[in-house]
Amino acid sequence: MNKITKVLLKSFITNTLLSVVKIISGTIGKSGALIADGIHSLSDTITDVFAILGHKLSTKPADDKHPYGHGKIEYITCIGIAIVITLMGISIIYNAIFEERIIPSIYAAIIALIVIMAKLVLAKYLLRKGTQYESNILIASGKESMSDVISSVVVLMSILIANLDGIFVYADMVAMIIVGILILKIAYNIFKDNFSNLLGEKITDSNYIKQIEEIIYSIEETKNIDELIILKYGSTYQVTCEISMDENLLLKEAHEIAHQIENKLKEFDDRLKHIIIHINPYNVD
């Protein structure tokens with residue numbers, strides 16, 4: 001089991017426990033908002049299953065039909081996560097509008113507070129590991145978990161407000177709608193980011209690009225970098241580079257230099273798996 005799968009498995013177990021606790025507590029405490037929040041956590045559980053399967057498939061090695069590997073499955077998985085989250089958000093808003101109005105028990109507020117603390121720890125953990133491992137799946141799961149923290153805060157406030165006076169009986173309904181909107185927003189962000197990557201998003205980090213260029217220019221024969229494109233391909237990067245060199249170089253020499261550049265780039269960053277180098281004759285004009 002690799003490190004990303006281990007993180008996702010921890011998230012799955014935590015979200016399963018939290019969703020069960022919130023749904024049961026919401027039912028006992030008569031809080032529709034807490035039940036909705038439990039469904040939100042249940043969506044986390046479902047997305048964790050998607051994420052684990054998607055990551056496993058995305059790390060499959062290249063084959064005859066997929067010479068660049070299966071990295072883009074990661075983006076497809078994230079889009080699947082966004083769709084599930086969207087359906088959850090719509091369902092919660094629908095139930096908020098049509099369910100019976102009942103003032104929730106203060107017991108539900110205590111559970112909501114405990115859940116907020118637990119979920120905040122999990123969300124920060126997922127985002128930290130997602131950044132560390134540069135995993136879109138972990139980051140998407142972390143963002144979804146952070147939205148769950150926000151929704152739980154809304155639920156807590158609604159329960160407390162509803163218990164102040166009977167005129168605030170609609171606080172629970174309003175909280176459910178806010179939770180639904182927050183869920184839809186996070187779904188949109190996940191979908192937008194990963195759809196762009198699926199189409200082939202270019203690396204724009206100027207510092208990273210500069211490091212790549214410095215490695216290429218460290219080869220004496222490199223006169224100019226005519227073009228450099230680095231595309232995200234799941235957990236790996238695809239590099240297409242055009243380099244100008246002395247037009248009098250022998251074909252064998254040019255080939256060896258290109259191979260040398262490729263090795264240096266892979267030593268610099270093991271995510272650079274697919275490197276294509278095209279050599280142009282250098283034009284002094």
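**Helix packing around H5**

Biologist: Helix H3 (residues 73–98) and H5 pack with their axes 9 Å apart, at an angle of about 15 degrees, but how are two packed helices described?

Modeller: Two packed helices are described by the angle between their axes and by the distance between the axes. This is a predicted model, in which local features need pLDDT of at least 70, side-chain atom pairs count only at pLDDT 80 or more, and totals for chains, interfaces and linings use all residues. Residues are numbered from 1 along each chain as its sequence is written, and side-chain values use heavy atoms, with hydrogens and water left out. Axes are lines fitted to C-alpha atoms, for helices over the stretch in contact, and angles run from 0 to 180 degrees between N-to-C directions. Helices are DSSP runs (H or I, at least four residues), numbered from the N terminus. Angles under 35 degrees count as roughly parallel and over 145 as roughly antiparallel, and H3 and H5 are therefore roughly parallel to each other.

Biologist: Which residues of H3 and H5 make the contact?

Modeller: With contact meaning heavy atoms within 4.5 Å, Glu74, Tyr75, Thr77, Cys78 and Ile85 of H3 meet Asn136, Ile137, Ala140 and Glu144 of H5.

Biologist: At roughly what angle do the axes of H4 and H5 cross?

Modeller: The axes of helix H4 (residues 106–133) and helix H5 (residues 136–162) cross at roughly 160 degrees and come within 8 Å, and H4 and H5 are therefore roughly antiparallel to each other.

Biologist: Is Ser152 buried or exposed?

Modeller: Ser152, which lies in helix H5, counts as buried at 0% relative accessibility, where buried means under 20% relative accessible area and exposed over 50% (1.4 Å probe, protein chains only). Leaving aside residues up to four places away in sequence, Ser152 touches Lys22, Asp37, Ala112, Val115 and Ile116.

Methods. Angles under 35 degrees count as roughly parallel, over 145 as roughly antiparallel, 65 to 115 as roughly perpendicular and the rest as oblique.
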